[in-house]
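Biologist: Could you take me on a close look at the charged pairs in this structure, and then show me what surrounds the ligand? I would be glad of one connected walk through it.

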Amino acid sequence: MFKQKLMILKEKNLIREIKDRRSPQGHRIKIGTKEYLNFSSNDYLGLANHPRIIKEVQKALNKYGFGSCASRLLSGGSSIHKSLEEMVARFKNTEAALVFNSGYSANSGIIPSITDEDTVIFSDEFNHASIIDGCRLSKCNVQKYKHKDLSHLEYLLQKVKLKKKLVITDTVFSMDGDIAPIRDIYYLCKKYKALLYLDDAHGTGVLGNGKGSLSHFNLTPESWIIQMGTFSKALGSFGAFVAGDSEIIQWILNNARSFMFSTALPACVAAASIAALKLIEKNTRLVKKLWTNREILAQKLVESGFDIMGSETPIIPINTGTIENTLRISKQLLKKGIYAPAIRPPTVQTPRIRINITASHNNEDIEKLLRALREVRL
Ligand SMILES: *Cc1c(COP(=O)(O)O)cnc(C)c1O
């Protein structure tokens, strides 16, 4: 049965495979035996292999060993997990924070835990798969609103009068690289007394001098705002967090099944996240360099006539029209030593090459990418 299903995927050019990376993650990677200039990593600030972080991981490894071998509600947690939560709460200017094992486990655990049968969820149609799964697990009435469409969101909000409401949005959309209109969504939530859940996976370490989307929009955290983010992208580590009002955080700790029934992250992983947060707090140049690179590349792409599909962040998609064309371009780029993945349906509707530019790329890397793109184009 699966053989047939796989055949159909292959025929549609939609089969995926796992790459054999034989180097650390970074702006240069080795896949199989070949080296590539890499534009596929979320290591926006080049922290995945930062010497300071590796040193802190080694220290924690020596002190706590590796496996944590129990949920944190049993004996799996360490004082490093606690310090990380205190640090995130300070960083986000909230009363409390809680660490999760991944962004996926955070969204799929938190959303069902903060909703009940009287809640209606309002979710941007382009929200991340982990949000969609969290919504499904909640068994709530889920109202999808059109991408970043405030009047559609308001129309849906005002239709449900007596229900509890939860609005959920990615802050930076991972396939389009655009930013949600969080200031307007904030006011809508205030007006309709809805909880606001922000997924700052691609905003953490990137927007608001690294502090995330609320800082970017100059908004203060409120008791009705729940900020989720990950350590696994710009912070170069692994795991996720939720930050907010202490009662909400305590409730999540007592109800989110992916927190309660899953083994804690190794302490050394939490140590890596602490070290990464300290680095971006101390060294503001890192985030600045990321944005300088982003502006240079985006401007040059537009000048060369590429459609960057409304990108506003270091995620820069290039519209390549059809699936066939997208696969062809991705393959030709590979031949030229450039790794930039083809993104196809069902992940997105419009096939594209997705470029992630980071602080570790230099001008030469950017020029090499531009040259290659001009050569392979349409
Ligand atoms: C990557 C991502 C996640 C999942 O985070 P992981 O730590 O990789 O599990 C959740 N939400 C968004 C918007 C993401 O981009």
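Modeller: Happy to; what follows goes from the salt bridges to the ligand and ends at the surface. Please keep in mind that this is a predicted model.

Let us start with the charged pairs. Side chains of opposite charge can pair when their charged atoms come close. Searching the whole structure turns up 16 salt bridges, and a few of them deserve a visit.

One of them joins Arg352 and Asp176, whose closest N and O atoms are 3.3 Å apart. Arg352 belongs to strand E13 (residues 352-356), while Asp176 sits in the loop between strand E6 (164-170) and helix H7 (182-191), so this pair ties together parts that are 176 residues apart in sequence. Are its two partners buried or exposed? Arg352 has a relative accessible area of 3%, and because the cut-off for buried is under 20%, Arg352 counts as buried. Asp176, at 12% relative accessibility, is buried as well. There is also a network: Arg52, Glu56 and Lys59 are joined by salt bridges that share partners.

Next, look at Glu312 and Lys148, a salt bridge with 4.0 Å between the closest N and O atoms. This pair, too, links distant parts of the chain, 164 residues apart. Glu312 is found in the loop between helix H12 (285-303) and strand E10 (315-319), and Lys148 in the loop between strand E5 (141-145) and helix H6 (150-159). Here the partners are partly exposed: the relative accessible area is 35% for Glu312 and 28% for Lys148.

A further salt bridge brings together the side chains of Arg22 and Asp20, at 2.7 Å from N to O. Asp20 has 38% relative accessibility and so counts as partly exposed.

Now for the ligand. There are 14 residues around it, and those that come nearest are Gly103, Tyr104, Asp199, Ser232 and Lys233. Which part of the chain gives the largest share of this shell? That is helix H4 (residues 103-113), with 3 residues. By character, the shell divides into 9 polar, 3 charged and 2 nonpolar residues.

For the individual contacts, you can place three residues against oxygen atoms of the ligand. Tyr104 takes part through its backbone, with a polar atom 2.9 Å from a ligand oxygen. His202 uses its side chain, a polar atom of which lies 2.9 Å from an oxygen of the ligand. Ser232 likewise offers a polar side-chain atom, 2.8 Å from a ligand oxygen. As for how covered the ligand is, it exposes 380 Å² when taken alone, and the protein buries 86% of that.

Finally, a look at the surface. Leu6, Leu9 and Ile15 make up a nonpolar patch there, with about 220 Å² of accessible area together. Leu6 is placed in helix H1 (residues 2-11) and is partly exposed, at 43% relative accessible area. Elsewhere in the chain, Arg374 lies in helix H14 (residues 363-376) and is partly exposed too, with a relative accessible area of 39%. If you would like a distance to set the scale, the C-alpha atoms of Arg374 and Gly67 are 48 Å apart in space, and the two residues are 307 apart in sequence.

Notes
Residues numbered from 1 in each chain as written. Predicted model: local features only at pLDDT ≥ 70, side-chain atom pairs only at ≥ 80, totals over all residues. Heavy atoms only, no water. Near = heavy atom within 4 Å. Polar contact = N/O pair within 3.5 Å; in protein donor to acceptor, adjacent residues only side chain to side chain. Areas by Shrake-Rupley, 256 points an atom, 1.4 Å probe, with all protein chains shown as cover. Helix = DSSP H or I, 4+ residues; strand = E, 2+ residues; numbered from the N terminus. Nonpolar A, V, L, I, M, F, W, Y, C, P; charged D, E, K, R; others polar. Buried < 20%, exposed > 50% of the residue type's maximum accessible area, 1.4 Å probe, protein only. Patch = residues over 30% accessible without salt bridge, like charges linked within 9 Å, V, L, I, M, F, W, Y side chains within 5 Å.
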